[in-house]
Amino acid sequence: MAIVTRLVKDKAVVVFSKSSCCICHSIKTLICSFGANPTVYELDEHPDGKQIEKELKALGCKPCVPAVFIGQELVGGSNEIMSLHLKGKLVPMLIKEGAIWL
């Protein structure tokens with residue numbers, strides 16, 4: 001978990017993605033639509049992409065992308081993010097971590 005831990009450290013929102021994944025694009029667009037500026041790591045373009053993918057799978061991410069961390073904690077993939085959004089809980093999480101200001 002060393003690489004993932006290092007990459008999410010001190011960042012409000014991190015999205016692990018693949019550039020060709022349409023679901024990843026949708027999740028990144030949703031988070032950005034609130035005014036957040038997530039740090040995005042495209043695993044298919046990152047030099048340590050294969051190792052990061054293994055670490056995400058070990059954390060329970062299946063599929064491994066998209067994987068969203070808010071406040072250095074793994075929130076989950078697209079299902080978890082959409083569920084939080086529909087319940088009105090995503091924006092408060094982003095505000096709490098300083099990713100957006102209202």
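Here is a quick briefing on the pocket, the α3–β3 loop, the unusual backbone spots and the salt bridges of this structure. Keep in mind that the model is predicted. The largest pocket holds about 170 Å³ of space, and the salt bridge count comes to 5. The loop between α3 (49–58) and β3 (67–70) comes up repeatedly below, starting with Leu59.

**The largest pocket**

- Twelve names make up the pocket's lining: Ile23, Gly60, Cys61, Lys62, Pro63, Val65, Pro66, Gly76, Gly77, Ser78, Asn79 and Glu80.
- Helix α4 (residues 78–86) gives the largest share of that lining, with 3 residues.
- Sorted by class, the lining has 5 nonpolar, 5 polar and 2 charged residues.
- Two of the lining residues are Pro63 and Pro66, and both turn up again in the next group.

**The loop between α3 and β3**

- Going from Lys62 to Pro63, the peptide bond is cis, with omega near 0°; Pro63 sits in the loop between α3 and β3.
- The peptide bond from Val65 to Pro66 is cis too, with omega near -5°, and Pro66 is also in the loop between α3 and β3.
- Cys64 belongs to this loop as well, and it counts as buried because its relative accessibility is 6%, where the cut-off is under 20%.
- Measuring C-alpha to C-alpha, Cys64 and Ile52 are 9.2 Å apart in space and 12 residues apart in sequence.
- Leu59, another residue of the loop between α3 and β3, is partly exposed, with 38% relative accessible area.
- Leu59 joins Met1 and Leu74 in a nonpolar surface patch, and together they have about 240 Å² of accessible area.

**Positive phi away from glycine**

- Asp10 isn't a glycine, yet it has a positive phi of about 60°.
- You'll find Asp10 in the loop between α1 (2–8) and β1 (13–17), where it is exposed at 66% relative accessible area.
- Gln72 isn't a glycine either, and its phi is positive at about 65°.
- Gln72 lies in the loop between β3 and β4 (73–76) and is partly exposed, with a relative accessible area of 37%.

**Salt bridges**

- As background, side chains of opposite charge can pair when their charged atoms come close.
- Glu53 pairs with Lys18 in a salt bridge, and their closest N and O atoms are 3.4 Å apart.
- Glu53 is in helix α3 and Lys18 is in the loop between β1 and α2 (22–33), so this pair ties together parts that are 35 residues apart in sequence.
- On accessibility, Glu53 counts as buried at 15%, while Lys18 counts as partly exposed at 25%.
- Glu53 also forms a salt bridge with Lys57, at 3.9 Å from N to O.
- Glu53 and Lys57 are 4 residues apart in helix α3, so about one helical turn separates them.
- Lys57 is partly exposed, with a relative accessible area of 42%.
- Lys96 and Glu97 make a salt bridge too, at 4.0 Å from N to O; Glu97 is partly exposed at 32% relative accessible area, and Lys96 is exposed at 69%.
- Shared partners link Lys18, Glu53 and Lys57 into one network of salt bridges.

Definitions and conventions: Residues are numbered from 1 along each chain as its sequence is written. This is a predicted model: local features need pLDDT of at least 70, side-chain atom pairs count only at pLDDT 80 or more; totals for chains, interfaces and linings use all residues. Side-chain values use heavy atoms; hydrogens and water are left out. On a 1 Å grid over the protein atoms alone, a cavity is a set of points where a 1.4 Å probe fits but cannot get out, and a pocket is an open set with protein on both sides within 12 Å along at least five of seven lines; lining residues have an atom within 4 Å of a point. Grid points are joined across faces, edges and corners, and a volume is the space filled by probe spheres set on the points. Helices (H or I, at least four residues) and strands (E, at least two) are DSSP runs, numbered from the N terminus. Ala, Val, Leu, Ile, Met, Phe, Trp, Tyr, Cys and Pro count as nonpolar, Asp, Glu, Lys and Arg as charged, and the others, Gly among them, as polar. Patches are made of residues with over 30% relative accessible area and no salt bridge: like charges are joined within 9 Å, nonpolar side chains (Val, Leu, Ile, Met, Phe, Trp, Tyr) within 5 Å. Accessible areas come from the Shrake-Rupley method with a 1.4 Å probe; for residues, only the protein chains shown count as cover. A salt bridge is a side-chain nitrogen of Lys or Arg within 4 Å of a carboxyl oxygen of Asp or Glu. Buried means under 20% relative accessible area, exposed over 50%, partly exposed in between (1.4 Å probe, protein chains only).
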